[in-house]
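Me: Please take a close look at one part of this structure, starting from a single pair of residues and working outward. I am a first-year student, so one connected account would suit me better than a list.

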Protein chains: 2
Amino acid sequence: MTDFTILGFLAYGPKSGYDIKRLMAMSTAHFYQASYGSIYPALGRMEKEGLVAAGRADGSRRLRRVYEILPAGRAALAQWLGSPLDIAKGPAFLLARLFFLGCLAPGEASEAIQGFKDAAGKRRAWLEGATEGLPQQPDFFQASTQRFGLEYYAFLESWLDRLGKDAAGRRKRSSAKAKPKEGS
Amino acid sequence: MTDFTILGFLAYGPKSGYDIKRLMAMSTAHFYQASYGSIYPALGRMEKEGLVAAGRADGSRRLRRVYEILPAGRAALAQWLGSPLDIAKGPAFLLARLFFLGCLAPGEASEAIQGFKDAAGKRRAWLEGATEGLPQQPDFFQASTQRFGLEYYAFLESWLDRLGKDAAGRRKRSSAKAKPKEGS
DNA sequence: TTATTCATGTAATTTGTTACATGATTCT
DNA sequence: AGAATCATGTAACAAATTACATGAATAA
């Protein structure tokens, strides 16, 4: 997740490793935060891979290695954002995608949300089937964890459904603003 | 999490590493599953630490190293179940505790649930505060991840509240069965 | 007899955290 | 002058995964 989160931040403008750490602490801390021990090596690796480019900061300042994202980096980010999500890995992985969905075209973002919703739905269906596979009757708390799964994925599905609709609504409104509206 | 999950399964009876893997696939797969590369080394380590003891399986069978939990292992398990939970690590860590809460006395289990609920509440309050610390106005999707956090922790809190009440109700009913009820 | 399942284990690799090392710049 | 913050990086350690190696017992 580290690499893509870094690319996501760089997609909004050039930043140093230090900047990225500070931004994470401010805005993504509730689902993900990387240490310098992850960030700096990741930046170095991605530079070698041609995803980002390092430049020095403007003139008089102290050592500040400012990275900017390259086209290959944008492509990798977009590919990640659109790739199938393993919803079972927990909400952090979902939120990391969601947070940077603004980097995609509105249509692609909506498709991605739909994909996340489908993933939650599939997982819930799987859990429903898995519950029957249990050999002995589970105790109260074991049954509860099973029920939690079902209710959690239902929550996710309805939340993502609403998000998809809100995003579509936003899209409609902004295109209506762009072109003067017809009718009414 | 591996060690405690293994201890949790052993608390219900002696098992081999292979048994534990199979049980995980059947009953905890939706939130946690360990590989042999985690399970066997963990069993070996915990044997050295005096938490579990290995015996051979009864008589004629092939090589089967069956482990049983020792009092020190039960103590470690109970301590883990009652220790403060970092709710931000995701639902898997909550569910791992919940799944084995039947290993505690009913009163202790209720206390643990209350602790989990408090953790979710604190986290939600922290998130509410953190939202205001944001410097620039976030874009639509960035604001959405923030909102998700708030709604997710609210969901967790109310779910755990209901679980606590159900568990308490169960406790009352079973003690009422034990002693014939007084009044009415 | 051959494939599958039972059964245990190790080695290489991955991924990340924590702590340390270093030093410039700005604030008090 | 001294403390705090800016800024980058490395080394030691931790925890797990994947893939490999091995072989007995059972079902086809």
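Reply: The starting pair is in chain B, where K15(B) stands opposite Y67(B), a residue of strand 3 of chain B. Helix 1 (residues 2-10) of chain B packs on the sheet that contains this pair, and the helix touches strand 1, strand 2 and strand 3 of chain B. The direction of helix 1 of chain B makes about 90° with that of strand 3 of chain B. Keep in mind that this is a predicted model.

Now the sheet itself. Strand 1 of chain B pairs with strand 3 (residues 65-69) of chain B in the antiparallel sense, over two bridges. As background, the strands of a sheet pair through backbone hydrogen bonds, and the pairing can be parallel or antiparallel. In chain B, three strands make an open sheet in the order 1-3-2, with antiparallel pairing. Which strands stand at the edges, each with a single partner strand? They are strand 1 (15-16) and strand 2 (52-56) of chain B, so one side of each has no neighbour in the sheet.

The loop between strand 2 and strand 3 of chain B holds R64(B). Is R64(B) buried or exposed? Neither label fits: its relative accessible area is 33%, and because buried means under 20% and exposed means over 50%, R64(B) counts as partly exposed. The side chain of R64(B) makes a polar contact of 3.2 Å with the side chain of D19(B). For a sense of scale, R64(B) and P138(B) are 74 residues apart in sequence, and their C-alpha atoms are 57 Å apart in space.

Next to R64(B) in the numbering comes R65(B), which leads to the DNA. A backbone N or O atom of R65(B) lies 2.9 Å from a phosphate oxygen of DNA strand C. In total, 18 residues surround DNA strand C, and the closest are R65(B), Y18(B), Y40(B), S35(A) and S38(A). Of the atoms of DNA strand C that come within 4 Å of the protein, 74% belong to sugar and phosphate. Chain A takes part through side chains: an N or O atom of S38(A) is 2.5 Å from a phosphate oxygen of DNA strand C, and a polar atom of T2(A) lies 3.1 Å from a phosphate oxygen of that strand.

Which elements supply this surface? Helix 3 of chain A, helix 2 (17-28) of chain B and helix 3 of chain B each give at least two residues to the surface near DNA strand C. Helix 3 of chain B gives the most, with three residues. Sorted by class, the surface near DNA strand C has five nonpolar, eight polar and five charged residues.

DNA strand D comes next. Of the 17 residues around it, those that come nearest are S35(B), S38(B), Y18(A), Y40(A) and R65(A). Sugar or phosphate accounts for 72% of the atoms of DNA strand D within 4 Å of the protein, and bases make up the rest. Among the contacts with phosphate oxygens of DNA strand D, a polar side-chain atom of Y40(A) is at 2.8 Å, an N or O atom in the side chain of Y18(A) is at 2.9 Å, and an N or O atom in the side chain of T2(B) is at 3.4 Å. The elements that give two or more residues to this surface are helix 2 (17-28) and helix 3 (36-48) of chain A, together with helix 3 (36-48) of chain B. Helix 3 of chain A gives the most to the surface near DNA strand D, with three residues.

Finally, the sheet in chain A can be read with the one in chain B in mind. Its three strands form an open sheet in the order 1-3-2, with antiparallel pairing. S16(A) stands opposite V66(A) in strand 3 of chain A. Helix 1 (residues 2-11) of chain A packs on the sheet, touching strand 1, strand 2 and strand 3 of chain A. Eight of the ten residues of helix 1 of chain A are buried, including T2(A), I6(A) and F9(A). After helix 1 of chain A comes G13(A), whose phi is positive, near 140°.

Methods
Residues are numbered from 1 along each chain as its sequence is written. Chains are lettered from A and ligands numbered from 1 in the order in which they are written. This is a predicted model: local features need pLDDT of at least 70, side-chain atom pairs count only at pLDDT 80 or more; totals for chains, interfaces and linings use all residues. Side-chain values use heavy atoms; hydrogens and water are left out. Two strands pair if DSSP finds at least two bridges between them. Helices (H or I, at least four residues) and strands (E, at least two) are DSSP runs, numbered from the N terminus. Contact means heavy atoms within 4.5 Å. Axes are lines fitted to C-alpha atoms, for helices over the stretch in contact, and angles run from 0 to 180 degrees between N-to-C directions. A residue is near a molecule or strand if one of its heavy atoms lies within 4 Å of it. A polar contact is a pair of N or O atoms within 3.5 Å; within protein, one must be able to donate a hydrogen and the other to accept it, and residues adjacent in sequence count only if both atoms are side-chain atoms. Buried means under 20% relative accessible area, exposed over 50%, partly exposed in between (1.4 Å probe, protein chains only). Ala, Val, Leu, Ile, Met, Phe, Trp, Tyr, Cys and Pro count as nonpolar, Asp, Glu, Lys and Arg as charged, and the others, Gly among them, as polar.
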